[in-house]
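Student: I am new to this one. Could we look at it together and talk through what the terms stand for?

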Amino acid sequence: MSIKCKKLGYIYGQGTPFEFQALKDVDLEIEEGSFTAIIGQTGSGKSTFIQHINALLLPTEGEIQIDEYTISALQKPESLKSLRKKSGLVFQFPEYQLFEETIEKDIMFGPMNFGVEEEEAKTIAKKVIEMVGLDQSYLEKSPFDLSGGQKRRVAIAGILAMNPDILVLDEPTAGLDPQGTKEMMNLFKIINESGKTVIIVTHDMNHVLTYCDHAIVMNNGHVERKGTVKDIFQDSAYLNQLGIDLPLITHMILDLNKKGFHIDSSINNIDDLVEAIGGEIHG
Amino acid sequence: MDKMIEVKDLCFEYVEGSQTINHISFDIYKGEYVTILGHNGSGKSTIAKLLIGLLEKKSGSIRIHGYELNLENLYKVREQVGIVFQNPDNQFIGATVRDDIAFGLENICIPREEMDDLINTYASQVRMDQFLDHEPTKLSGGQKQRVAIAGILAMSPSIIILDEATSMLDPRGRHEINELVRDLKKEREMTILSITHDIEEAKNADKIILLNEGQIISIGTPQEILSQVDVLEQLKLDIPFSLKVSQKLEEKGFHIHKTLDMKELENQLCQLNAKN
Amino acid sequence: MDNMTFGKYIPGNSLIHRLDPRLKIIVLLVFLISVFFDAGFLGYGILGCFVLVCALLSQIKLSHILKAIKPMLFMMLFLMFFNVLLMHTGEVLFTIGSIPIYSGALLQTAYIFIRLVLIITLTTIMTSTTKPLDLTLAIENLLGPLKAFHFPVHELAMMISIALRFIPDLLDEAKRIMKAQASRGADFNEGSFMEKIRSIVSLIIPLFISAFQRAEDLANAMESRNYNPEATRTRYKTLSWNIIDTFSLLVSMIVSCGVIIMSFVL
């Protein structure tokens, strides 16, 4: 399930006085099974880009290739449904897409749209509700009686129920408290480890460092950098200029190294950091 | 010192029988920057709504700048307090930045001739003077929250409440708002009550009120409150990064003085490194 | 939905942009009345010239106006079709199959077409050159005398301006929810009738919930900024009537009333 873009471009409101080029000349490849972060300021084209991954937006220039599907500006695909089943997109604040009377029905909405039988969809609902950290007793409840964080979990369960090969998430932890955030990110890690490609748009560089392996930096509708997380965070001057904060761990390592330490700047967890600091001071 | 907010034995329930706010009392003095810290659902935003009379208390008392909050004093109290809510879109009332700032001025009957001056002054204070004729759809979340602050400042309240005002913003927007709030405290000696679950934001306060399940767990300085690692963990809150690192180093037997400040931690480490 | 430009304000600084919105409303109303008086092709010629002059002065692109007319074309053709078939005045010009076509029918049909085009064009010019909020203010101002009869003019104007303020937001929201449901396989275009109904339900319910949430937030924000609809408020935006407005009013009155008088005389 790799994703390839060639000269991908998108213009909003083409031919109106409000025309706006949101993406331009995007060339990139996202490998199957990777956990890729898309970073960049608000308005850099991140959300526009991810909507191409399940053909909610169709390119106005260039092409995007998702597995055997090729969508180009000239050649619009016949049916988008089978592509949408393969790549599940979770929008920002997905709790606003809940609409059924019970959580079970809401989770079944996706699979049944893709032709899954009712009984099977029920089984799926039982499975995914537990994946997102809620027990089966929730299935009979109304989604509107839940807290904000729980609603978010149910909405994500609704996407997981379609069993997509690619999971695309637009700022999935926005507005959650620290505990909820941690649980959510761990869930995505587990999904990634089960072999799925996970693509996440986020502003939290600490998450990128801890959870992701690849990163794509967008600016003004262009992809400016792409590579491993380790490589992307090496150039702190560049990220600062884009208004992107370094992860706290990397920040501290770079600061210390300026003052005479020699710590490996690719460290991505506190225990290793403490170990490394300890080693230097003793050594 | 003047007491700006005086809360005594306040109780509130949304549903009969389940206390959302359970017998809380606290005082906030003039010029103080106080943070109410708690996870989502701890009741912290309910307190904000009670303080400006958007919700009606069940029992207890609230005094704002000497006025008892009741039906009679409602508008007087609201003139004293400006509040910035969480969602930047849903509190932008005007069609443009200029109109939005004017909205509050119209409500408190500022004469037309004085409005333009006030609008310009406060728009430039929040660095939005270049955007006066912009529509909200063309502004970022951080810019909208800055406009909300300008709109409040123009009404010259004595207290500003920030009800999770940065939680829907990107890091840049969050940074801008936090900086602006710090400036307001320094330059204008505003009394500020900020409601948040963001530890890094809480570090800036003079005083933290730690809230859980509608009850106050403790009140103290950021150093006092945020050092209680066990309590924070129990309340599902984050632990400041520098504290986590210094604690782990301490556990490993290093002589590290626990700190909330990253720069200070780095300095300590450098001194240790130099010794060896 | 991206291409919806009909009625959208287009920023500019033309003469028409600068006119008082009250004037524009009055002119439009009087024009609407005069269009329905039959003063023959000469009358429509005069009104057409008037609209043309307005269009030129407004500096709005012709393509924008045509875009506004396009969606109405189908309705117009439909009307014209029935008119031609069903009206039996004047002489029989020719027959299609066994259906006779009368000269009067063609004439009437042409009139209807011209009327609709004129109305849509002038309305588009007005909405494209006037900020929605200014229109609201003008309506509030023009309805002012009704306050004496306890008609809630201010509340009405506030409601309209808030509705206008949130229409773009709600459209965005609708688009977002549609996309979110589409990525769950909801099909708004294809699929059976029942599937379409379900898709629409999956849009409408979240949209309502979100609109209520917004309304509550907005009410809180307004109240906390000391808004009290019953209290007196000062006003920031004021309308100013200039000499050019008086002049424009005179010109358009002469044109419209002229056409109305012509229709009686001719």
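Student: How many residue pairs are in polar contact across the interface of chain A and chain B?

Tutor: The rule finds seven such pairs, both residues at pLDDT 80 or more. A polar contact is a pair of N or O atoms within 3.5 Å; within protein, one must be able to donate a hydrogen and the other to accept it, and residues adjacent in sequence count only if both atoms are side-chain atoms. This is a predicted model, where local features need pLDDT of at least 70 and side-chain atom pairs count only at pLDDT 80 or more, while totals for chains, interfaces and linings use all residues. Residues are numbered from 1 along each chain as its sequence is written, chains are lettered from A and ligands numbered from 1 in the order in which they are written, and side-chain values use heavy atoms, with hydrogens and water left out.

Student: Why is the pair Lys263(B) and Asp255(A) called a salt bridge?

Tutor: The term asks for a side-chain nitrogen of Lys or Arg within 4 Å of a carboxyl oxygen of Asp or Glu. The closest N and O atoms of this pair are 3.2 Å apart, so the pair qualifies. Chain A and chain B have four salt bridges between them.

Student: What makes Glu106(B) and Arg235(C) a salt bridge?

Tutor: Their N to O distance is 3.9 Å, which is within 4 Å, so this pair counts as well. Between chain C and chain B the count is five.

Student: How many residue pairs are in polar contact between chain C and chain B?

Tutor: There are 15, again with both residues at pLDDT 80 or more.
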